[in-house]
Amino acid sequence: MASKISTLVSTKWLFEQISQGMKNLCVVDSSWYLRSAKRNPFEEYKQKHIPGAFFYDLAANCDKTSAYPHTIQSPDAFSKSIGKLGVSSDTHVVVYDASDKAGFFSAPRLWWLLKFFGHKQVSILNGGFVKWVSDGYDVTDEIPEVNEAQFVAKFHPEKLKSFDDMMSNIKEQEYQVMDARSKGRFDGTSPEPRADIKPGHMANSINMPYSTIIDIENKLFRSPDEIKKIFEEKGIDLSKPLTATCGSGISACILILGAHLAGKDDTFLFDGSWVEFFLRAKPEDIHSIIH
């Protein structure tokens, strides 16, 4: 295995590693979808997945005591959940999901979680399961046996922003805030996936739908130079502090990954994202173009 881990790996590279029986490789399907998609990711995984791939349930492996979806687990809980897939400190993890819109949706969340908890050897399959299939590689319904491993998670709270941080930043503007949701949800003209949450945005935040940094036609991330240009066009300065948000902490990780590809490794995440902000903020702090 090469000493330097590529953030993005191709379907050809992954096929070759699987074919050659690469040691310390763990391929993980971390598919998750909004309710509106009416898809069951685990059932789909059981029907077909990349040979040797395990399934990681993002919806199940979160802090269930939290009032907000997808809240980060404790280090011990994450260590157990990822260790059950055979991931240890020297495992090269390759994550993917089966989103058919962009080739990516939830895989960057697991990429971010692994990085957040101190694991450096993690990559994302560029193009995801959709490209794997379109490139003609085999799929299977065989669930692989797993040898559980010990994973020691290291907590890095400095990579997070809290609700209080976000409220303070509205006045202080110490860092830029980019929102990965669609323009309609950001503007307040399209509904949120959850019935109890209304659309809108935080003051001074910048709408940057996650799909803008993906070549939708080819289901691949755009080049680092293209991503840098897109950030510039959105008025985001990658040399300055930056925080990502979205609906519930999933697609924001796509923007964090994009910033990483463009050379910025210190982007923060507001994990509670719009769900937490809407439920806790005062009405006057909810902005939209319709009121």
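# Close-up views of a predicted model

**View 1. The loop residue Ser31 and its surroundings.** Ser31 is found in the loop between strand 2 and helix 2 (41-47), and the model in which it is shown here, as in every view below, is a predicted one. At 3% relative accessibility, Ser31 counts as buried, because the cut-off for that class is under 20% relative accessible area. When its neighbours within four places in sequence are left aside, Ser31 is in contact with Pro41, Phe55, Tyr96, Asp97, Ala98 and Ser106. For one of these residues, Asp97, the C-alpha atom is separated from that of Ser31 by 4.4 Å, although the two residues are 66 residues apart along the chain.

**View 2. The open sheet built from strands 1 to 5.** In this view 5 strands form an open sheet, with parallel pairing and the order 1-5-4-2-3. Its edge strands, each of which pairs on one side only, are strand 1 (8-9) and strand 3 (54-55). Strand 2 (residues 25-29) runs parallel to strand 3 and is joined to it by 2 bridges; within this pairing, Asp29 has Phe55 of strand 3 as its bridge partner. Helix 1 (residues 11-19) packs on the sheet, where it touches strand 1, strand 2, strand 4 (92-96) and strand 5 (122-125), and the direction of helix 1 makes about 125 degrees with that of strand 2. Helix 4 (residues 107-116) also packs on the sheet, touching strand 2, strand 4 and strand 5, and the direction of helix 4 makes about 175 degrees with that of strand 5.

**View 3. Strand 5 and the strands paired with it.** Strand 5 is covered on both faces: Val122 and Ile124 on one side, and Ser123 and Leu125 on the other, are all buried. Strand 1 and strand 5 run parallel and are joined by 2 bridges, and the bridge partner of Val9 in strand 5 is Leu125. Strand 4 pairs with strand 5 in the parallel sense as well, here over 3 bridges, and in this pairing Val94 stands opposite Ser123 of strand 5.

**View 4. Gln17 in helix 1.** The residue at the centre of this view, Gln17, is found in helix 1. With a relative accessible area of 14%, Gln17 is buried, because this value falls under the 20% cut-off. Not counting residues up to four places away in sequence, Gln17 touches Met22 and Leu25.

**View 5. Helix 3 and its cover.** The residues Phe78, Ser79, Ser81, Ile82 and Gly83 are buried in helix 3 (residues 75-83). Helix 4 is included in what covers the buried residues of helix 3.

**View 6. The crossing of helix 4 and helix 9.** Helix 4 and helix 9 (residues 252-261) pack with their axes 8 Å apart and at an angle of about 65 degrees. The two helices, helix 4 and helix 9, are therefore roughly perpendicular to each other, a class that takes in angles from 65 to 115 degrees. The crossing that helix 4 and helix 9 make is left-handed. On the side of helix 4, the residues that take part are Pro108, Arg109, Trp111, Trp112 and Lys115, and they meet Cys253, Ile254, Ile256, Leu257 and His260 in helix 9. By character, the residues of this contact of helix 4 with helix 9 divide into 7 nonpolar, 1 polar and 2 charged.

**View 7. The open sheet with strand order 6-12-11-7-8.** Here 5 strands form an open sheet in the order 6-12-11-7-8, and the pairing is parallel. The edge strands of this sheet are strand 6 (160-161) and strand 8 (206-207), each pairing on one side only. Strand 11 (residues 242-245) is paired with strand 12 (residues 268-270) in the parallel sense over 2 bridges, and Ala244 has Leu269 of strand 12 as its bridge partner.

**View 8. Phe268 in strand 12.** Phe268 lies in strand 12. Its relative accessible area is 18%, and Phe268 is therefore buried, the cut-off being under 20%. Leaving aside neighbours within four places in sequence, the residues in contact with Phe268 are Glu158, Lys159, Leu160, Lys161, Leu242, Thr243, Ala244 and Ile256. The C-alpha atom of Phe268 is separated by 28 Å from that of Ala37, a residue 231 residues apart from Phe268 along the chain.

Key
Residues are numbered from 1 along each chain as its sequence is written. This is a predicted model: local features need pLDDT of at least 70, side-chain atom pairs count only at pLDDT 80 or more; totals for chains, interfaces and linings use all residues. Side-chain values use heavy atoms; hydrogens and water are left out. Two strands pair if DSSP finds at least two bridges between them. Helices (H or I, at least four residues) and strands (E, at least two) are DSSP runs, numbered from the N terminus. Contact means heavy atoms within 4.5 Å. Axes are lines fitted to C-alpha atoms, for helices over the stretch in contact, and angles run from 0 to 180 degrees between N-to-C directions. Buried means under 20% relative accessible area, exposed over 50%, partly exposed in between (1.4 Å probe, protein chains only). Angles under 35 degrees count as roughly parallel, over 145 as roughly antiparallel, 65 to 115 as roughly perpendicular and the rest as oblique. A crossing is left-handed if the near helix is turned anticlockwise from the far one by less than a right angle, and right-handed if clockwise. Ala, Val, Leu, Ile, Met, Phe, Trp, Tyr, Cys and Pro count as nonpolar, Asp, Glu, Lys and Arg as charged, and the others, Gly among them, as polar.
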